[in-house]
Structure formats: C-alpha cells, structure tokens
Amino acid sequence: MSDPVALRSRAEQLAAPFPPLLAGARHLAASVVLGSHGRRRPGPGDEFWQYRQAVQGDEARHVDWRRSGRSDLHFIRQKEWQAAQSVTLWVDPSASMRFASDRKLPQKGHRASEMALALGILLIHAGERVGLMGHDLPARTGEVQLMRLAEAMERPDSDGEYGTPEAREMPSRSRAVFVSDFLGDLSPARTALTEAADRGVSGVLLQVLDPQEEAFPFDGRTIFESMGGGIRHETLKARDLRDRYLQRLAERKAELASLAQVAGWQYSCHHTDQPATSALLWAYSALERVI
Amino acid sequence: MGLFRVGKGDLMLIIGPIGFTAPWILLGLIVLPILWILLRAVPPAPIRRRFPGVALLLGLQDEEHQSDKTPWWLLLLRSLAIAALIAGFAGPVLNPEPREPGTGPLLVLLDGTWADARDWPRRIDRVEQALSEAARDDRPAAVVTLTDRPEGDLPFRAAQSWAAQLPGLAPEAWAPDGAVDWAEGLDGGFDTIWLSDGLAYDWREDVLAALQDRGNVRVFESPRPVYGLRPAAFEDGAIALSATRATAGDEAAVTIGASGLDPNGIERRLAEAEMTFPAGETEAALALSLPPELRNRVSRFEVVGTRSAGAVSLTDDALKRREVALIAGQDDRESLELLNPTHYLEQALEPVADLLDGGLSEVLLANPDAIILADVATIPDGQADALEEWVEAGGLLVRFAGPRLAASDVSRNDEDPLLPVRLRAGGRSVGGAMSWGEPKALRSFDAESPFSGLTIPGDVTVNAQVLAQPDPTLSERTIASLTDGTPLVTRKRIGAGQVVLFHVTANAEWSSLPLSGLFVSMLERLAISTRPAQLEAEELAGTTWSIDQRLTAFGQAEEAGNLPGVSGEDLAAQVPGPDTPPGLYAGEDRRIALNVIGPETVLTPAVWPGNVPVEGIVTTEERPLGGLLLSLALAVLAIDVLAALWLAGRLTGPRAAALVGALAVLPMGGEVRAQETTDEAFAVDVTAEVTLAHVLTGDAEIDRVAEAGLSGLGEVLFRRTSVEPAEPVGVDLEEDELALFPFLYWPVTADMVRPSDAAYAKLNAYLRTGGMILFDTRDADVSGYGGTTPAGRKLQELARPLDVPPLEQIPDDHVLTRTFYLLQDFPGRHREGGLWVEAAPPDAEAVEGMPFRDLNDNVTPVVIGGNDWAAAWAVDDGGRRMFPVGRGFAGEQQREIAYRFGVNLIMHVLTGNYKSDQVHVPALLDRLGN
C-alpha cells in the first residue's frame, strides 16, 4: 500500500467497467437527501416523470400550460422522486488481514481495501453517499470524500489480531458493506449484525481469504502463529489437522451465511488468488437488490 | 577370517576377499546401537509459520504421536551412513595379498620379443605387481628386457623408482641375441622373476641355469596362444597363406585379414577369411582367391585380433601390379577402336597392370615387367639389342602376329632372337570364304604349359594364323596349340626372361580368342610368372637396401626414418635382428619384405625343468575400497537430507522445483536434437522456393543493403519472370550449408574476416557443383584489376584459396548478355566498372552464319564486378528505392538496366547455357524440315 493516490488509481481501474451503481433504496425516509436515484414514483426531483390530468385541489401554479394548451384538459407535470442512499463501508484493519501466502498474491487487507474503495467509487459516481466505519468518516458524497476514504484505508489503525465492526456508526435504514476474513471471534460481528438489523440497515458481508487458508497445505511438525504473534498452536503432524481445520472453516462460513440471512444481509467469500472484479460484481448486484 | 601381520608390523584383518588395514577403527561400529537410540529420541525440528487461520486450530489435538520420533527407515539410513564411514576409514582392501616377504635384490626379466607383444600390457601389469611387492618388502629391483639389455651391471635400485620407466618398455620384433653370454656374465645374488614369451629358444636353458646360480627363479607364462603368419605366395592363381602356432591344442579358427590402400588411398581391410587349425596340429593353410584389382592392393596379411609382429606378413613385389608396355605396329589407324590392335589388350590389362605408353626406346628406359608387341615385324637394330638385353635380365616379351608379321621376312630362315620359332611365309587361313575346312578350336593345355588348368570355351576359334617352321625345339617351345596340332602360342627362354609369341592377332581379326575370358586368364598367367617370389642370395649379393617401412613388435608398420642401408647378403639371410628389423626394404627397382616369420619358421613352446615354478600371468589387483565406502556414506547422507526435508514437510514449492530442475538438467541430450531439427527445417525452408542468398560480411550496414538489394531484385523477378524467389537469406560461410542456394551475392569489404579453411572447402565444393558467386567490390574500380582499391585487394586475398577458373572480361557474345534481356553493359549504382566471367575456351569459334560463338558449356562459377548492384536493386520495407542512382531519367534508366542485369544473372544461374544452345535452333529446324 504505497500511497493513497496509487490505491485510488488502482481502485478506479477496478471500478471502470461498471455502470453507475443504482443502489435500491428500500425505505425512503424523510431524512433522505435528494440524490440522483429515481424512485419510480412521482415526487420531488429534477427528472420528468409523467403528465397527470389536473384534479380538484391541484394548485394552479402546478398546471403545465404548454401541455394543457394542446388539449381541452389541464395537465400537471410531475417529476420523479429521487433520493440518495448512505452506504457505510467497514474494512477489517487488523493484523490478520496483512497475510499473503505467496509473494505473487496480494495481502488480504490490500485486496479488501481495494474492493471496498472500488465499491465506494461506484456508489459515489452513482450519487450515493459513502462513509467508512472506524475512521470517523460519516457518509458523504463527492470526489473529496473518495480521497478521504482512500487516505483512511491507507492508515491501518488497529493492532488487534482480528477486527470487529461497530454497528453504532451506521445511520438507520442505510446500507453497509463489511469486508473481513472473519477468522477471529464471531460474537462482535454477530452483535453488530443484530444491531444493524434492528436499525433497518441491510448490507453485504464479504469474506476475503487467502488460498492457503482454504487449502491448509501443511505437513510435519509446525508451530502456527497468528500475524501479531499473540496466538500460537503447535502440532507434530500438521497433515492430520487438515481435515478438522477445513471442517471448522466450512462451519465458520455456514455460520456467516446464516447470520447474514437472519439479518437480511448478503454473504459471499472471496479468495485473493481470484480476480477482484467477480467479487465486486457480486457486491454491486447485492447492493442493488431491492427487497 | 584372520589377523595377519603385513610389512613392518601393520596388522591386517581379513574377512573373505576383503581385508582391513586399520581394523581397530571397526570398534566404532559398537557405537551404532547407541546412535540409534539417540537419533530415535530426537524428533525433527519444528517449522514456525505465520498463519491467520490459527484461531480455527486452537484446541485441536494431534491424533497420533508417532512422528515425534524419527521413522525407522531414516534411522536405518543414517546408521548405514555411519557404518559406511567407519568401515571406509578402517582401510578396506579387496583381494589383499599377504605374501611371504622375500629378501635381497629382485630381477624382473622379460624376453621382450615379438611374441611378448600379444599381451604386453598384462605383462607390464605383472611387472608392476612384482615391483610393488618388492617395494613393500623394501627390496631393490631391476627390470630388464632381453632384447634391450642394459650395459654393465644390473641396475638395481628402489622398486618404486621403476614405476615411471615401465611405460617406456617395449618389446622388439626379433629374438634376443647373445643372451647366454650376458646371463653368465652376471654376478651377485638375486632372485629372478622371468616373464617368458612362451617360445622355445636354444639359449633358454643356459640362461635359466645362469640365473638359478644367482638365486630363486620364478617363471610366468601367458596362456594365450602364439600365432605366426608365414609370407603369402602365389599358387595356382590364388594366394596361399599358411600359419603356425606354438602349441598344438584344440581346433582353433583365426581370421586372416588382408589390408591395403583402397582407391581413395585410405588403408582398410580388403578381405577376410577364416583359417582353421585342426585339433592337434600346429599348421594351418588357406588359399585366398582375390580379384586382381584387390590383390594388387594388398600390402599386408595379418591374424585379426593379435597384436604381434609374428601375426603380420608384409607383402612385397611378389603381389604387386606389373608394368606392361603396349606397342602396336600401326598407330595411325585412328578410325575404329575395335580394330585397334591393342584395344583388347588394353581392356584386359587395364585392371591388373600399369600400362606404359610410348615408343620402344622410351619404354625400355622405364624397365617394365613386360612388353607386348602387337603385330610388330621388324625392330630397329639398336632397339633390338636393348630389347634383348632387357629380356635376358628377366623381362617378358609377348608378341602377337598379324598381317605385317605374316608379310615380313622376319625369322624366315634363321630364328630371330626375339621370336621363339621360325615362321613360314604368309601364314594360313582356315574356314574363310576362300579356303576349305572349319575354323580351328584350341586343344586343351599340357601339364607343363603355364596355361594348364584353364578351361577352354567352345566358341574360341582361329581363322588365320602364322605358322611355325617345324624345328627340333618346336614341340618344347609350344605352350598352346590348335586341335590340329599347329602351335598357337610358343615360348622361348632367354636368360632370366622369355619371349612369347601368339600366332594370332591381338584383336579379333584372326581369331575370337581376344573376345574370350580365356585371353584374360592367359595374359594373367603370363604376367604373373615374370618374377620369382623367392629371394636368391646370389641375386642380392652386392646390393644395398634401405628400409622403407618398419614393422614394430606390435605388428604396426611405421615409417622407418633414417636407418642405415642393409647389404643384400644380410637381407637374404632372412633373419630379423637389430640391424635388419622386419619391414619393407626398397632396392633399385623392387621392394622386398622381411617378415618375422619366414616360410620355414616353426614355433615350439618353451619347456621348463620341473624345479622351476611356472605360473600364469594373472594379476589379482589389490583394490582399496575406502574411497568407495566413503562416497557411499556421502551419497546416503545426501539422501538423508532429502528424506529429512520431506519428513518435515519442507520439500515443497520452490525447493521441490529446484530439486526436480537439478535432476532435469542431468540429461542434456534433448537440445542437440532440437538444433538438428531446426537445421533440417531451415533446409526445407530455403529449398522450398528459389532462395537468393548473400554472404554475411560482418558489416551490418552492408549486410542490410545486400539483403534489401536481393529482395528488390526478387520483386522484379517475381513481377517480370516465372522465377518467384522467396525472401533472401544471409549466409554465414562458417555455419550454414551453401549447397541449398543456387546463387550467392558476396559484397567484398576491405575489413572482412578471412573465412576458415573449412569454409573455403565448402565454397570450393559449392563452386564445383554448379553454384555461382557474384563478387561485388562496390567501388567501380575493378576493371583495372590491379588491386588498386582496398576492396580489390581484399577480393584478391579472399579469392586466392578459391577454385576459380581463368577469367576474362565479359565478351560481347557471352550468354549473360541474352539470357532474358538483351544487354551490353551491366551497371549497378556505378556504371563504369567491367564484369569478369569464366574465360571462353581458346578454340571457341563462331560458326558461319551464327552471331555467337559456341561458348563454354556451363555456368560461369564466379562473376566479379564492382558496380554495387545491391545498392541499385535495394528497396526498403515499403517498396521504395533506398539509394539514388544517377540523375533524373538517365539514372532511372540505369537502375532499370541494373535490374535487367540481375534478371539475366539469375536466369543464367537457373537455366545455364540454354540461350547459348539456341544457336543450334536453325540447324534443328532445318533437320526437322527434312
């Protein structure tokens, strides 16, 4: 992670092939700020929606005289109701994300930041407001926000072994994206998701794993250490542990999926040896999905 | 198993065929079980890995605990390595030789004869063994060969110091002389080891007795049989070979090889035959029938597979080609070859003899083996005397009759000295249109006749002959006659020589004899019987011979160098010795072979008294095994490293890849084949279409221009003619095969590196086989041809080793001027320079009415000029001209002519003198019309 500008340019490259993301806004609250999202219904906005025959009670100033002049009836020109959505990103900043099994593979955290920022670019280009959890960056829109996001992601501020999301930073009825390896204790994530569901926040859980974590290609007498060095486990025959490790990993994934389902979120797992675009495409469509 | 004390107090432990020089170290083997337990207790070191997934591992227990101990096979491997180390340091020796130490000086005596040569290396091995034993016992030793004895006392010195001298010892190709005196002159006490050659000599017993006076004598003899090959001789038209062996054992077959120069001058095996010694016999014989062409080439016979002078028999003049002079009565009958009096003689003798041409007087100077006079009646007096002298000295004069002899008065009343019989006038003719009777056939040959045994074909008939006058000597001089008894061939001996008369012509006019195979056989019998194969002491008396080729004891012929001459008497004794080494001796007019085995030589095995121990030369070499065991230990340890890595799970990823890579590097064969296939692909590529080529000069710019020039020319050819060349190719004279290209453009630069000799050989082969090279000095100044420019001088230097015919400036009617376009000058970027091509033959004449001479019948191999054609032809990738030529329209015209010259040149290369042949078109049309 050299510098913010480089990170952003990489993220821009990643985001380039996508059309502007039109995130579905599920509940339109009064608090929503007007944005470029058509609500497929008449309301305050800039874009023309439809002509409607004037009925009793319509103010005369709303009558579109140009349209009405072509017939005997009066028409009122209505505009599409547009609203912008708030999306809160969380990228796990912990030590465990700084792992890469091969020199050719990116670190997990690197890949996570890149994808989160790409998502942010897409959203901001679509007129959404994007914030970053844990960096005191509330959701805002605009290019400046993108720059702030990129800078914040360059600053890993946690020395913990495994990261935890904090749900209280999310505005209610907004959307959220959590990117992490979810290898640590799951209970903070569970709490965060429950709270998010309570606030009406829906979103995406994206698990980023290294291929070695998926394959466990170890053998012989080995001492495994966490990235921070705080946790260690010694085995005399690593190969024997493989099946049980893989079983635990599968259980972990299943648990994440069920958590997401209960909270009305979407869950997917991404590996760093696969292209980031497919995972981004998935996150893109998951955010767009309207319940 | 046992303990022995060897040398000075060294203990040696011997188990079966293996001994240990330092047995105490073997006690280290006791440590092995302790090592086993130690190794077993220490598990392999763990690897530390950073792994985020460790959180998921927490709480997992190992199911089995086996791998905390080293596996048994790894323990075994390590124990094996340690055991090999211990055993290796204990000094193991295979076939140890605990010998009773002797005392006092030791004489190692070799016969050093040709019979020793058959297994000389084994003898030297045995000597080495004896010397190392002596060295172990601290005995001084001396090594002596009987054929090369040292002067004075025996050279006893430390046994080790002889080792350096052993390779210099060599056997000689003769038996020792004066050995008895030498042996009896020795004094002091010493033991002897005598390596005998296995043959009996008259001095053997006395020398043995003299040596036994000095101390113990042990004798070693090799069990390999001794063969001797006797000189080859002619018997009944075949080569009679006989061989002898020392011991009459079981039936044994040996292969006899005949070697000599082949027509290319390379020595090779010309024939091989099997010769079998019957069981219990010491003699074997073989009749080898070879075609005369082959027989004349044989220079030596040998027993194949035996390296010994006795198994080689050099051949001398007895088997060589004869020199035969043919002289016809009438040379001016040039018209018909088949009527030529000597035609059949030439045909018959050409393969088996060297034919001499010339008049009688010149031929006599050359002293041929035989002179054949075909229908020569009178011989001028001076020449007749010389001829008679020559015949008396052993020459063979063969005369054929004919119309001239029949018409002349030669030998009519008195017998001509150079004719065997008196002749009747006119001869006779039988079976012709004007005579009665049938043509006569031949009577079978008498036993005394040199032709006896030859079968007479039924179709050999005689129509005419000259008749002999009946004389008392006629019957004994007749060696062949007709069915009615009239002599056909008569012979008279004069001195050492003889005169033979065929009463018919040498061509088919008078008889059909010259047409038959019998004629060839008769000539062969006559020519072969010219010289006796045996040496006569009287004949050799007073002559001096110089040795030409010397036969070594190993049976190899080598140049003799400057050895003093040998008198004929010594040579006639036929005993090889230091003064008369076996080999090929050259005298004034003949060569004599002196072989180790004479015609009478008999080989008999040596007989030793019962009190002398005789052993075979079998050396069981002591072989120290320490190095072998130590390297085995090293190899096992290397395997252990790999195994340990694999056990610890570290033999993955890059390490495994590196290992596999290291193994893959070992076989290196694949790449060479790839090279070959690319060569082949290159050849297929450039020969699929006509490919113009230019010589790479090493100057990148000039090479680029040359290539662009040829591709420009190729484009023009493509557009205007049916020649459609591929992209031009740069040719490296050193590397590439030239034969693939019909045409080479060679721009000459002043600083081009001279090609190697191999490259010149290729170039010459290329020119001889129809290739063409266009030399371009690119300086327009070659017309002076004085080497006035640097490129011109370089051209002279480059072309000097080339096989270039005489050149001339291109004549107006050269075929190059009209192979495609009609041209009179040949400009390139310059237009002044001339053009040099192969000179026309001096006798080329223009036929009346034809515009051109009938010039040389092939493509000129080189064209030399300096007009920088490549620059005029050159186009770049976009098809644009690369260089300007001249100015304006005139320049373009010049470029066009340059292209036309190129087209003509390539056409000349590809179609040869086709256009030149067209001068015959009117004549051909004329004939067709009629």
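**Chains A and B: a working chat**

Biologist: How many residues of chain B are in contact with chain A, and how many on the other side?

Modeller: In this predicted model, 25 residues of chain B are in contact with 32 residues of chain A, where contact means that the C-beta atoms, placed from the backbone, lie within 7 Å. Residues are numbered from 1 along each chain as its sequence is written, while chains are lettered from A and ligands numbered from 1 in the order in which they are written. Because the model is predicted, local features need pLDDT of at least 70 and side-chain atom pairs count only at pLDDT 80 or more, whereas totals for chains, interfaces and linings use all residues.

Biologist: Which elements of chain B give two or more residues to that side?

Modeller: They are strand E4 (47-50) and helix H2 (54-57) of chain B; helices (H or I, at least four residues) and strands (E, at least two) are DSSP runs, numbered from the N terminus.

Biologist: And what is that side like by class?

Modeller: The side of chain B that touches chain A has 14 nonpolar, 4 polar and 7 charged residues, with Ala, Val, Leu, Ile, Met, Phe, Trp, Tyr, Cys and Pro counted as nonpolar, Asp, Glu, Lys and Arg as charged, and the others, Gly among them, as polar.

Biologist: Which strand of chain A is joined to E4(B), and do they run parallel or antiparallel?

Modeller: Strand E9 (residues 222-225) of chain A is joined to E4(B) by 4 bridges, and the two run parallel. Within E4(B), Arg50(B) is the bridge partner of Glu225(A).

Biologist: New topic: which helix of chain B does H19(B) cross, and at what angle?

Modeller: Helix H19 (residues 700-720) of chain B crosses helix H23 (residues 888-911) of chain B at roughly 75°, and their axes, which are lines fitted to C-alpha atoms over the stretch in contact, come within 10 Å. H19(B) is therefore roughly perpendicular to H23(B), a term for angles of 65 to 115 degrees.

Biologist: Which residues make the contact?

Modeller: H19(B) brings Leu713(B), Val716(B), Leu717(B) and Arg720(B), and H23(B) brings Tyr899(B), Gly902(B), Val903(B) and Ile906(B). By class, the residues of this contact divide into 6 nonpolar, 1 polar and 1 charged.

Biologist: Last one: how much of each chain counts as buried?

Modeller: Of the 291 residues of chain A, 43% count as buried, and for the 930 residues of chain B the figure is 35%, where buried means that 20 or more other C-beta atoms lie within 10 Å of the residue's own.

Terms used:
Two residues are in contact if their C-beta atoms, placed from the backbone, lie within 7 Å. Two strands pair if DSSP finds at least two bridges between them. Axes are lines fitted to C-alpha atoms, for helices over the stretch in contact, and angles run from 0 to 180 degrees between N-to-C directions. Angles under 35 degrees count as roughly parallel, over 145 as roughly antiparallel, 65 to 115 as roughly perpendicular and the rest as oblique. A residue is buried if 20 or more other C-beta atoms lie within 10 Å of its own, exposed if 12 or fewer, and partly exposed in between; C-beta atoms are placed from the backbone.
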